[in-house]
Amino acid sequence: MKKILFIINRKAGTDREKKLEGAITKNFPSDRYDVQVTHLAYLGHGKDLALEAVKNGVHTVVAVGGDGSINEIAQGLVDSNTALAIIPLGSGNGLARALKIPLDVNKAMQVILADARKPMDVGYANGHLFLSNAGVGFDALVADEFRHTTKRGLYGYAKLVIQRFSSYKPEAYSISIDGKKLEEKAFLLTVANGNQFGYEFKLAPKASVFDGLLDLCVMPPVNFLQLLPVSLYSLLGNIDKTRYLKHYTGKTINVSGSSLQYLQVDGDAVPLNGNSLELKVKPGAIQMIVNS
């Protein structure tokens, strides 16, 4: 009998949660599955629960929430035989979109039932795990401020972008990609593992979480009027073919700058100590339930 642990981020709301638990009961009958349902209770709880699940021989851990809670749970599953599955209930749902996981709960559960596994790459930014992307540019500043706002979702994010844009000064960065040196001044400096930022925005449309590489996306300084074409090209998935983006790939990327202040991983701000950042890929590090 397969052991399955559902870890739910309660921010999803109570009505939604009742429907969710009903769907779990319907799709995972107790005569075939040993199902446990638990909830995130504190920062870092997801990792603790996942580590415990690995010890207990759980077959699949299902992260129910957004990219932040998926990241936290994934931290406890790296280099284990316990698979990670997703029921996307976040705002942007970057990783779910990259993996073509349906945003509909019942359809996402069908993917889990099919149990198609594939070893997926993960990235590390100064030791902080990321599944989709990490950045030190304008996106990192917005992520740092976004955690203090009550207005979540795309509207809250877009509002912050507009408010902070005019005062942001693009940084000069020294970059090394597998030993190759670059000097770039950038508005965005983002390293992608997957092809999605969330909400269908793509800075690295050809990036894959299965290719053993990281994609470095460097956006030179842009003015306010250029934000619209940048957003449209990102949504259309062809920004890598425009003058708004320089694109590189590698396995180890080092970034330094005189005033590195902010770092985001999978959209969440994390501490950045010092003026340098090492980003590296760990190929096939996590067993992922994928949409076959």
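Student: Why are F6 and F28 called buried?

Tutor: Both F6 and F28 are buried, because each has under 20% relative accessible area (exposed means over 50%, partly exposed in between; 1.4 Å probe, protein chains only). The model is predicted: local features need pLDDT of at least 70 and side-chain atom pairs count only at pLDDT 80 or more, while totals for chains, interfaces and linings use all residues. Residues are numbered from 1 along each chain as its sequence is written, and side-chain values use heavy atoms, with hydrogens and water left out.

Student: What makes F6 and F28 an edge-to-face aromatic pair?

Tutor: A search of the whole structure finds nine aromatic pairs. For F6 and F28 the values are 5.4 Å centre to centre and 75° between the planes. Rings of Phe, Tyr and Trp (its six-membered ring) pair if their centres lie within 6.5 Å; planes under 30 degrees apart are stacked, over 60 edge-to-face, and the rest tilted, so this pair is edge-to-face. F6 belongs to strand β1 (residues 2-8), whereas F28 is in the loop between α1 (14-27) and β2 (33-39), 22 residues away. Helices (H or I, at least four residues) and strands (E, at least two) are DSSP runs, numbered from the N terminus.

Student: How do you know that F138 and Y168 pair edge-to-face?

Tutor: Their ring centres lie 5.2 Å apart with 65° between the planes, so both criteria are met. The pair joins distant parts of the chain: F138 in helix α6 (residues 138-146) and Y168 in the loop between α7 and β8 (171-177), 30 residues apart. Both F138 and Y168 are buried. Ring pairs also connect F138, F165, Y168, F187 and F224 as a cluster.

Student: What makes K118 a charge over the ring of F210?

Tutor: K118 lies over the face of F210, 4.2 Å from the ring centre. The criterion is NZ of Lys or CZ of Arg within 6 Å of the ring centre and within 35 degrees of the ring normal, so K118 qualifies.

Student: How do you know that the buried residues of α8 are on the same side?

Tutor: In helix α8 (residues 227-236), the buried residues are L227, V230 and S234. They cover an arc of only 65° around the axis (taken from the directions from the helix axis to the C-beta atoms), which puts them on the same side of α8. On the other side of α8, L228 and L236 are exposed. The buried residues pack against α7 (153-165) and β11 (214-219), with contact meaning heavy atoms within 4.5 Å.
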